[in-house]
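Here is a set of exercises for you to work through with the coordinates open. Try each task on your own before reading the solution beneath it.

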There are 2 protein chains.
Amino acid sequence: MTEKLSRNPLPAMFNAETIAMVGASNNMDTMGSVLLMNNLKGGFVGRLYPVHPKEKEVMGLKAYKTVGDIPDVVDLAVICVPTKVVPDIIKDCGVKGVKNAVIISGGFRETGTDGKKLEEEILALAQSYGIRFLGPNCIGIINPYRNLNITTFPYFHGPGSLGLISQSGTYVTQVIDYLEQKGIRYSRAMSVGNQADLDLVDCIDYLGDDPETLAIAAYIEGIKRPRAFLEVARRVSIKKPVVALYVGGTEAGARSSATHTGAICAPNSLCSGLFNQAGVIEASTIEELYEWAWALATQPIPTGRRVAILTQSGGPAASLSDACEKYDLQVPIFSPELQDRLKPFVPPTGSYQNPVDLTYFRDIALMTEKMPRLILEDDGIDCLIIHGLMATSWLRVYDSDPETSEVSMEQMTDMMKGPSKKLAQLPKEYKKPVICSTFKGREIEVITKFLQDDEIPCFYGPEKAVSAIAALCHYGEIRRRM
Amino acid sequence: MTEKLSRNPLPAMFNAETIAMVGASNNMDTMGSVLLMNNLKGGFVGRLYPVHPKEKEVMGLKAYKTVGDIPDVVDLAVICVPTKVVPDIIKDCGVKGVKNAVIISGGFRETGTDGKKLEEEILALAQSYGIRFLGPNCIGIINPYRNLNITTFPYFHGPGSLGLISQSGTYVTQVIDYLEQKGIRYSRAMSVGNQADLDLVDCIDYLGDDPETLAIAAYIEGIKRPRAFLEVARRVSIKKPVVALYVGGTEAGARSSATHTGAICAPNSLCSGLFNQAGVIEASTIEELYEWAWALATQPIPTGRRVAILTQSGGPAASLSDACEKYDLQVPIFSPELQDRLKPFVPPTGSYQNPVDLTYFRDIALMTEKMPRLILEDDGIDCLIIHGLMATSWLRVYDSDPETSEVSMEQMTDMMKGPSKKLAQLPKEYKKPVICSTFKGREIEVITKFLQDDEIPCFYGPEKAVSAIAALCHYGEIRRRM
């Protein structure tokens with residue numbers, strides 16, 4: 001493994017100590033400046049060197065006219081300059097001895113024949129100096145474990161276990177708040193752009209060996225090296241789950257991808273066959289891509305498809321049951337023994353056969369520990385879905401009024417930390433996945449926030465929880481098959 | 001119509017001026033108290049009379065021992081008392097001359113044989129007094145146009161045009177914040193519970209005639225009167241769209257529904273056939289139910305399936321195109337004339353054939369007015385999807401730092417009102433639907449908030465925007481067929 005890693009330049013890029021930020025200036029309207037600012041404000045742990053032909057100082061850092069002027073070893077050059085300047089910068093990097101680059105600049109293959117020629121030139125140039133690079137026409141990389149964020153969007157919500165590879169910069173950056181709102185956190189994220197040098201396959205290879213990445217999500221518009229993809233994805237899939245969303249197999253999709261990253265696209269069915277052979281789980285929407293990968297990154301893999309449903313509400317119980325059947329999951333009637341154990345907790349208007357419908361509860365531990373424990377220790381159940389954990393979403397409206405609230409928001413928030421930690425312990429203890437469904441977002445409901453932060457996926461809608469459970473089961477079957 | 005409406009008691013319930021809140025007390029742990037509080041805090045425009053055997057005053061209002069003691073005509077009785085007391089309350093209402101009730105109390109048909117018997121008794125009793133009622137075992141009703149909210153959850157986000165009917169109280173109440181976050185607002189919402197008297201069909205009939213309801217969403221666990229459903233839903237579907245989610249056709253779903261609202265369920269395929277005959281659009285997830293109905297409530301119905309895509313980002317352009325093809329929508333190449341008109345606005349790295357990918361823009365009017373207008377006035381296009389409108393979501397992180405932001409959050413917020421209003425005008429002007437997709441929620445992005453408030457649907461994910469467009473096209477076909 002050490003030998004293989006030493007050939008893949010991505011570990012060195014994501015662990016760079018010293019970075020030349022070529023194109024950063026004090027003009028905040030340029031991307032190069034935003035890239036530097038994000039890294040500065042994010043608290044990058046290494047050393048940053050702005051490179052600009054005119055600036056003497058950029059955002060409080062001494063600036064250098066060329067990469068060659070930097071009085072330090074440069075582990076990584078981030079290149080965000082006008083297209084026609086890129087070759088000169090690569091030369092500078094080569095002479096300086098820089099071995100790794102991220103080329104943000106666009107205007108290459110995606111713009112037509114001239115651009116394609118220029119892209120081939122910079123590739124040849126880089127190769128002549130032994131430089132490996134991501135891009136061009138990419139949005140950069142994120143390593144939250146080192147506060148490294150060379151993209152145009154801030155990322156502040158902490159390190160996680162999902163490794164993201166994307167042929168679209170948008171799906172790395174524009175989605176950051178969207179992922180935060182779902183409690184999903186990156187271990188690494190990378191935009192591959194035109195894949196002139198390093199491609200999707202190199203990225204899967206890298207994340208396959210990265211210990212902080214527990215599941216991989218890939219947004220794909222076209223696969224350059226199908227054979228290598230199959231080989232690498234198969235090898236990685238045995239170790240950790242790979243989820244992919246393929247877009248580009250349709251006519252308009254292909255038209256869009258061609259002008260986007262210059263990708264050449266195969267029909268959807270061909271790609272699905274490749275994914276299937278490679279042990280890759282295929283998502284059909286961007287939301288599934290992220291949510292399934294997050295479930296796979298955080299939950300144990302079940303050994304069967306028997307799902308228990310625990311709720312305080314009949315509608316979601318019915319929706320969850322219905323969705324389970326659609327996803328070919330079973331919702332078996334609990335054994336008489338388990339029913340006997342659950343019965344004392346359930347009021348007469350509720351039910352406890354599976355789904356469990358509490359209709360109403362006051363003691364949150366019922367749903368975060370007591371009943372989950374009884375259910376998970378039963379041999380007849382492989383997975384648990386919980387819907388309806390709520391504590392503060394209701395309180396927040398009436399909190400200001402002491403006449404109507406016995407407990408303050410602050411007290412309730414404190415009270416919820418324990419139950420969340422206890423529920424988060426159960427998947428590890430019983431080696432069975434637990435996924436929550438709720439309509440109460442983390443901004444308004446602390447139990448949602450705590451569970452998400454404690455790595456229990458909480459998705460917004462019953463069908464989403466079920467589809468994530470189905471993805472977990474699917475991966476279990478892939479693992480057993482391969 | 002007047003005659004028919006006069007037979008349906010629901011208009012009178014939703015427009016009640018005087019309401020007896022039976023079961024409200026000063027103990028905030030009871031549902032009856034919460035129902036009253038929601039109505040008080042929501043600013044209900046009529047008169048509220050708490051009824052309780054012991055309290056003299058409840059939340060500042062004079063309380064009455066019985067409904068009969070209320071010195072006013074009572075338009076509606078809300079009954080939230082222990083199961084066994086319900087018959088007595090109905091008698092009191094009958095003697096007082098109350099003609100309409102919402103029975104929140106549970107413990108009837110959904111609990112088994114004895115409960116079923118009791119439910120039949122209260123129905124007979126109500127009929128003997130000429131009382132019509134919703135429930136029992138329901139969560140109540142909401143009419144935001146009159147700040148009427150007889151449910152256990154607060155509803156503060158204003159009146160809209162979506163009429164919701166649900167066999168699950170959860171899908172009326174627990175989802176309120178979830179809907180707010182999507183910018184979706186009720187015209188009316190009602191939970192039908194066990195449907196002992198008034199049922200789903202009466203509700204569809206009512207909303208079909210309600211001028212403030214422009215589309216109807218129904219969550220259904222079982223249809224009591226299939227023949228009446230077909231007749232009424234057909235009649236309504238010709239006037240306004242009806243979207244339904246049916247849950248209960250699977251074994252576990254049926255098990256859950258039986259203990260939930262005592263519904264008897266038909267197989268999914270049977271129900272789909274019924275929906276199809278009735279001109280009802282069938283959703284397959286709770287999110288689709290709300291989002292499709294919201295799109296239908298706010299957007300014109302397209303006359304064809306030709307979709308234009310306008311973005312600043314290649315990934316979403318590819319996803320949108322791909323999803324369109326999956327939903328059997330066309331993404332045609334624009335006519336040479338339209339391409340010529342769009343070209344001047346698109347930078348060389350972008351594209352303008354359809355999808356339009358601006359890659360980057362500074363003038364938001366490009367995406368909210370200039371290009372949408374050119375596209376919508378083209379005869380070759382029936383619908384428009386826009387992805388990537390952003391203004392403040394980025395700013396919010398760096399706003400505090402004058403060195404990095406030329407425009408403050410407040411200024412930017414003000415600047416976005418105009419573009420939002422202008423975009424919101426276009427569907428009306430061109431009679432073609434516009435739907436936005438974004439990853440920037442309304443809490444962090446004012447343009448999302450403004451557009452949602454101005455009734456341009458903004459959904460979180462490209463595939464959701466496409467599926468809503470497909471629902472609009474589907475309804476257009478239903479209308480032309482019927």
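The exercises below go from the overall chain to single residues, and the model they use is a predicted one.

**Exercise 1. Check whether the radius of gyration of chain A agrees with that of a compact globule.**

Step 1: Begin with the expectation. For 482 residues, a compact globule would have a radius of gyration near 23 Å.

Step 2: Compare it with the model. Chain A comes to 25 Å, which agrees with the globule value.

Step 3: Add the extents. The C-alpha trace of chain A spans about 75 × 55 × 40 Å along its principal axes.

Step 4: Look at burial and contact range. In chain A, 63% of the 482 residues count as buried. Of the contacts between residues at least 6 apart in sequence, 73% join residues at least 24 apart. The secondary structure behind these numbers is 19 helices and 20 strands.

**Exercise 2. Divide chain A into domains and describe the side of domain 1 that touches domain 2.**

Step 1: Set the bounds. Domain 1 of chain A covers 2–296 and domain 2 covers 300–481.

Step 2: Take the separation. Their C-alpha centres are 37 Å apart.

Step 3: Count the contacting residues. Domain 1 of chain A brings 13 residues into contact with 16 residues of domain 2.

Step 4: Find the main contributor. H12(A) gives the largest share of the domain 1 side, 6 residues. By class, the domain 1 side holds 6 nonpolar, 4 polar and 3 charged residues.

**Exercise 3. Work out which helix supplies the largest share of the side of chain A that touches chain B.**

Step 1: Size up the contact. 63 residues of chain A meet 63 residues of chain B.

Step 2: List candidates. Among the helices of chain A that each supply at least two residues to this side are H10 (251–261), H12 (286–298), H13 (314–326) and H19 (462–481).

Step 3: Pick the leader. With 10 residues, H13(A) has the largest share.

Step 4: Sort by class. The chain A side divides into 24 nonpolar, 28 polar and 11 charged residues.

**Exercise 4. Lay out the open sheet of 7 strands in chain B and explain which strands stand at its edges.**

Step 1: Write down the order. The strands run S9-S8-S11-S10-S12-S13-S14, and their pairing is mixed.

Step 2: Identify the edges. S9 (148–150) and S14 (281–283) of chain B each have a single partner strand, so one side of each has no neighbour in the sheet.

Step 3: Get the twist. On average, neighbouring strands of this sheet are turned by 15° against each other, direction ignored.

Step 4: Zoom in on one pair. S12 (215–220) and S13 (242–246) of chain B pair in the parallel sense over 5 bridges. B:Ala218 has B:Ala244 in S13(B) as its bridge partner.

Step 5: Add the helix. H12 (286–298) of chain B lies across S10 (162–166), S12, S13 and S14, and runs at about 165° to S12(B).

**Exercise 5. Describe how helices H9 and H11 of chain A pack.**

Step 1: Choose the descriptors. Two packed helices are described by the angle between their axes and the distance between the axes.

Step 2: Read them off. H9 (226–239) and H11 (268–278) of chain A pack at about 40°, with axes 8 Å apart.

Step 3: Name the residues. From H9(A) the contact includes A:Phe229, A:Leu230 and A:Ala233, and H11(A) adds A:Leu274, A:Gln277 and A:Ala278. By class, this contact has 6 nonpolar, 2 polar and 1 charged residues.

**Exercise 6. Examine the backbone at A:Met59 and around the peptide bonds of A:Pro355 and B:Pro355.**

Step 1: Check omega. The bond joining A:Asn354 and A:Pro355 is cis, with omega about -5°. In chain B, B:Asn354 and B:Pro355 are also joined by a cis peptide bond, with omega about 0°.

Step 2: Place the prolines. A:Pro355 sits in the loop between S16 (351–352) and S17 (356–357) of chain A. B:Pro355 is in the loop between S16 (351–352) and S17 (356–357) of chain B.

Step 3: Check phi. B:Asn354 is not a glycine, yet has a positive phi of about 105°. A:Met59, also not a glycine, has a positive phi of about 45°, and lies in the loop between S3 (57–58) and S4 (61–62) of chain A.

Step 4: Decide on burial. The cut-off is 20 or more other C-beta atoms within 10 Å. B:Asn354 has 28 such neighbours and therefore counts as buried. A:Met59 has 21, so A:Met59 counts as buried too.

Methods: Residues are numbered from 1 along each chain as its sequence is written. Chains are lettered from A and ligands numbered from 1 in the order in which they are written. This is a predicted model: local features need pLDDT of at least 70, side-chain atom pairs count only at pLDDT 80 or more; totals for chains, interfaces and linings use all residues. Two strands pair if DSSP finds at least two bridges between them. Helices (H or I, at least four residues) and strands (E, at least two) are DSSP runs, numbered from the N terminus. Axes are lines fitted to C-alpha atoms, for helices over the stretch in contact, and angles run from 0 to 180 degrees between N-to-C directions. Two residues are in contact if their C-beta atoms, placed from the backbone, lie within 7 Å. The radius of gyration is taken over C-alpha atoms; the globule rule is 2.2 Å times the number of residues to the power 0.38. A residue is buried if 20 or more other C-beta atoms lie within 10 Å of its own, exposed if 12 or fewer, and partly exposed in between; C-beta atoms are placed from the backbone. Ala, Val, Leu, Ile, Met, Phe, Trp, Tyr, Cys and Pro count as nonpolar, Asp, Glu, Lys and Arg as charged, and the others, Gly among them, as polar. Domain bounds come from an automatic or database domain assignment.
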